[in-house]
Amino acid sequence: MCLAVPGRVVGIEERDGTPMARVDFGGVVKDVCLAYLPEIGVGEYAIVHVGFAIQRLDEESALATLRLFERIGALDEEFGDSWVRAAAEADGAPGEENR
Amino acid sequence: MKYLDEFQDPALARRLLDDITRTVTRPWALMEVCGGQTHSIIRHGIDQLLPGHIELIHGPGCPVCVTPLEVIDKALEIASRPGVVFCSFGDMLRVPGSDRDLFRVKGDGADVRVVYSPMDALRIAQQAPEREVVFFGVGFETTAPAIAMAARQAKRLGVRNFSLLVSHVRVPPAIEAIMRSPDCRVQAFLAAGHVCSVMGTLEYPALADTHKVPIVVTGFEPLDILEGIRRAVRQLERGEHRVENAYPRAVRPQGNPVALGVLGEVFTTTDRAWRGIGTIADSGWRLADAYRDHDAEHRFEVTGPATEEPTVCRAGEVLQGLIKPHECAAFGTACTPRTPLGATMVSSEGACAAYYLYRRLATPRTEETASID
Amino acid sequence: MTDITADTTGWSCPVPLRDHPVVVMGHGGGGALSAELTRHLFLPAYGGETLGGLTDSAAVTLGGARLAFSTDSHVVRPLFFPGGSIGDLAVNGTVNDLAMSGAVPAHLSCAFILEEGTELSTVGRVAQALGAAARAADVTVVTGDTKVVDSGHGDGVYVNTAGIGLIPEGVDIRPQRARPGDVVIVSGPIGQHGIAILSVREGLTFGTEVVSDTAPLAGLVRAMLAVTPDLHVLRDPTRGGLATALHEIATASGTGVALDEAAVPVPEAVATACALLGLDPMYVANEGRLVAFVPGEHAEAVLDAMRGHPLGRETAVIGACVAEHPGMVVARTGLGGTRIVDLPLGEQLPRIC
């Protein structure tokens with residue numbers, strides 16, 4: 001299910017009362033409906049599924065996750081188990097860890 | 001593509017795999033719920049790279065596969081009617097109904113069209129007011145907002161010749177049903193990231209608590225899937241059962257509030273049959289009564305003969321990891337990717353179809369027709 | 001026309017034509033359904049031996065000369081697309097089928113099936129493109145035919161071409177000759193034609209810059225044969241894409257193909273469009289690429305020759321022919337896992353999941 005891909009919003013316009021965006025997916029530009037993401041701005045990244053932007057892609061969080069992956073082996077060797085700290089950092093907000 | 005390619009990096013994948021290998025001390029059975037994740041796992045060969053202790057059970061999360069036979073038969077009947085333009089996502093065309101599929105109906109002269117988005121179908125309806133345009137609305141919570149918007153726009157713009165055949169399914173009731181099964185082998189779930197992009201994660205802590213099962217919200221690229229597995233295994237090894245978000249770049253706890261509002265307005269929760277599994281209470285969405293005029297089931301009053309799934313098919317047990325695909329009597333004989341009996345053999349990511357292919361590799365035959373066992 | 005009744009008793013089990021009593025689109029998709037139609041319906045009807053296997057062009061001996069003979073029908077929508085038109089495809093498709101047996105293409109026939117009401121200027125543009133493509137491919141159109149069907153019974157213009165060419169002395173190129181140890185080569189990036197078509201076809205609104213790769217490959221083949229006549233297999237991966245071509249070679253030769261997925265050149269825009277639509281570039285059509293199975297000892301020299309040709313600059317080694325898993329294509333994924341690259345049933349469909 002749920003083939004959705006990230007793309008960068010390059011333009012926004014109103015069409016038939018619906019906000020629409022031009023979204024650039026690595027060179028392929030496609031019209032995407034912004035009805036569910038009306039607050040997104042030009043230059044931001046959106047997750048797009050069957051022609052609809054369903055969520056904003058949080059760039060900071062993406063980079064934090066990649067940084068976590070880069071450090072995974074090293075962390076364990078140096079500090080033993082520092083996973084909890086690193087994972088919390090990647091989540092951006094530790095409060096998101098529901099329990 | 002930015003924010004896609006980075007999450008396919010082989011060197012980082014190695015790091016994650018090494019960490020999983022270091023962590024795991026005994027056998028664990030994890031279920032990835034989403035068919036998109038299964039696709040990625042097979043596509044990248046992730047299952048073969050994992051330590052032997054970790055078993056991935058491919059879950060029921062392919063909306064194409066779990067769409068019940070009854071609904072497919074309805075779709076086939078509606079599509080066959082004169083004057084109807086039947087629009088669908090591409091992957092539904094090959095799913096067999098009782099005696100044929102949409103390809104066959106198209107071959108018989110029906111106007112069946114593949115569209116990328118339900119809005120394309122709405123546009124077709126606006127451009128051809130003399131035709132009855134029907135969209136086949138299947139999918140999980142990720143796809144539902146798009147379908148809902150098409151219904152809403154049709155109502156708002158008064159596009160009277162547009163209707164939807166809706167068979168949406170929801171993930172949390174499926175997880176609940178799997179956990180309630182007395183023989184359930186699943187010890188942790190990788191929850192479907194893009195479902196949570198829409199719905200958020202607040203439905204899951206109760207499930208994790210009740211069933212003492214770790215649930216890790218997981219993305220779709222190889223690194224995302226490995227990270228989901230890594231976190232699930234960490235929890236299992238520590239005896240924890242929390243909800244974790246391993247896909248924070250696309251998932252907020254509260255989901256997409258605008259979409260949730262529209263979903264609540266357009267859809268009503270309903271019991272839904274899952275192909276190969278059976279009926280799960282409250283596991284589906286149908287169009288709300290206010291949208292009755294755009295409900296294809298209402299408009300076309302389809303009353304086909306009651307359809308039954310082949311009893312020989314044991315897809316339900318396969319989906320729960322209770323049996324391996326080849327332990328089903330029909331596997332590789334009556335049931336092959338060419339002639340699927342159940343959900344798990346329909347798409348190439350289904351557990352049975354994947355197993356079929358890999359068994360062929362283990363015992364090579366040049367003819368697909370050769371029996372497998 | 002006499003009524004033809006299919007004699008189903010001769011069809012081999014267990015899945016003759018699957019369960020379709022009517023023609024479905026997949027029968028023309030170049031995948032398993034197409035293969036079944038040929039194997040179970042056409043071959044038995046024609047008398048199997050006369051067709052000389054299931055290759056796109058046949059090698060026939062006539063008056064002492066070895067000729068390659070091929071035909072191809074073109075039913076593309078839209079007629080004009082980024083990078084070419086049905087006229088280009090009609091020439092290049094047949095020229096390439098001939099070239100894949102090592103032949104030097106010489107003459108084409110060209111038959112138009114026109115839909116009543118089609119603008120003559122449209123037909124003119126197709127004919128102009130066809131003529132230009134023939135000149136570029138160094139072949140002559142020597143005979144032709146025109147038929148018109150009722151309005152609504154065709155997509156404007158259908159074109160069939162047939163072609164003949166001379167196979168040079170000592171050249172024996174066919175799928176059955178693939179041998180373990182052969183190096184598997186592709187002449188450039190894959191998927192461009194299929195995505196170029198998709199990007200403009202109705203219902204799928206893409207603004208991609210991808211243009212079709214349609215091109216005549218006989219010159220490239222000539223450059224390869226100048227290195228060695230001992231090329232084992234050549235194949236143009238059209239419908240069904242690279243995966244289908246490799247699969248057919250593996251099946252025909254009883255060998256396996258071990259593919260290095262990371263080495264397969266895929267343009268970024270193609271990869272992106274595929275990611276959006278849920279398609280696999282390995283199954284997307286090409287119209288100006290070839291796959292070669294070359295004995296290991298000649299591989300380096302052949303690669304050099306290909307890279308020196310304008311249509312082979314981005315030639316890449318993508319795998320090897322192996323004795324293991326006969327009849328199957330197994331890809332090593334970018335992560336180091338493996339996956340089976342199966343024969344598609346029919347046309348590849350966009351997916352949402």
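When I talk about domains today, I mean bounds that come from an automatic or database domain assignment. Hi everyone, and please keep in mind that what we have on the screen is a predicted model.

Let's start with chain B. The assignment splits chain B into domain 1 (5-63 + 171-245), domain 2 (65-167 + 261-300) and domain 3 (315-362). If you take the C-alpha centres of domain 1 and domain 2 of chain B, they sit 30 Å apart. Where these two meet, domain 1 of chain B brings 14 residues and domain 2 of chain B brings 15 residues. On the domain 1 side, the elements giving two or more residues are strand S2 (54-61), helix H9 (171-180) and H10 of chain B. And what is the class make-up of that side of domain 1 of chain B? It has eleven nonpolar residues, three polar ones and no charged residues.

Now, chain B also touches chain A. That contact draws 48 residues from chain B and 40 residues from chain A. Several elements of chain B give two or more residues here, among them helix H2 (35-44), helix H8 (144-157), helix H12 (222-238) and strand S9 (243-245). Which element supplies the largest share of chain B's side? That would be H1(B), with six residues. By class, the chain B side facing chain A divides into 25 nonpolar, twelve polar and eleven charged residues.

Before anyone leans on chain A, a word about confidence. Chain A has a mean pLDDT of 80, with 72% of its residues reaching 70 or more. Among its elements, strand S5 (residues 52-57) of chain A has the highest mean pLDDT, 97, while helix H2 (residues 83-91) of chain A has the lowest, 50. Over residues 77-83 of chain A the pLDDT is below 50, and that stretch has three contacts in the model beyond near neighbours in sequence. Residues 92-99 of chain A also stay under 50, and there the model has 16 contacts beyond four places in sequence.

On to chain C. The domain assignment gives domain 1 (56-170) and domain 2 (175-341) for chain C. Their centres, taken over C-alpha atoms, are separated by 23 Å. The contact uses 23 residues from domain 1 of chain C and 22 residues from domain 2 of chain C. Helix H2 (86-99), strand S5 (104-115) and helix H3 (120-137) of chain C each supply at least two residues of the domain 1 side. H2(C) gives the most to that side, with eight residues. Sorted by class, the domain 1 side has 14 nonpolar, seven polar and two charged residues.

There is a database record to go with this. UniProt, in an unreviewed entry, places the feature "domain: PurM-like N-terminal" at residues 56-167 of chain C. That span is 29% helix and 46% strand, and its end C-alpha atoms lie 15 Å apart.

Let me finish with one helix in chain C. Why is helix H4 (residues 192-200) of chain C described as largely enclosed by the rest of the structure? Because eight of its nine residues are buried. The buried residues of H4(C) include C:His193, C:Ile195, C:Ile197 and C:Leu198, and also C:Gln192 and C:Ser199. They pack against strand S3 (80-81) and helix H7 (268-277) of chain C. Thanks for listening!

Technical notes: Residues are numbered from 1 along each chain as its sequence is written. Chains are lettered from A and ligands numbered from 1 in the order in which they are written. This is a predicted model: local features need pLDDT of at least 70, side-chain atom pairs count only at pLDDT 80 or more; totals for chains, interfaces and linings use all residues. Two residues are in contact if their C-beta atoms, placed from the backbone, lie within 7 Å. Helices (H or I, at least four residues) and strands (E, at least two) are DSSP runs, numbered from the N terminus. Ala, Val, Leu, Ile, Met, Phe, Trp, Tyr, Cys and Pro count as nonpolar, Asp, Glu, Lys and Arg as charged, and the others, Gly among them, as polar. UniProt positions are given in the numbering used here, feature names are shortened, and annotations may be inferred rather than shown by experiment. pLDDT is the predictor's confidence in each residue, from 0 to 100. A residue is buried if 20 or more other C-beta atoms lie within 10 Å of its own, exposed if 12 or fewer, and partly exposed in between; C-beta atoms are placed from the backbone.
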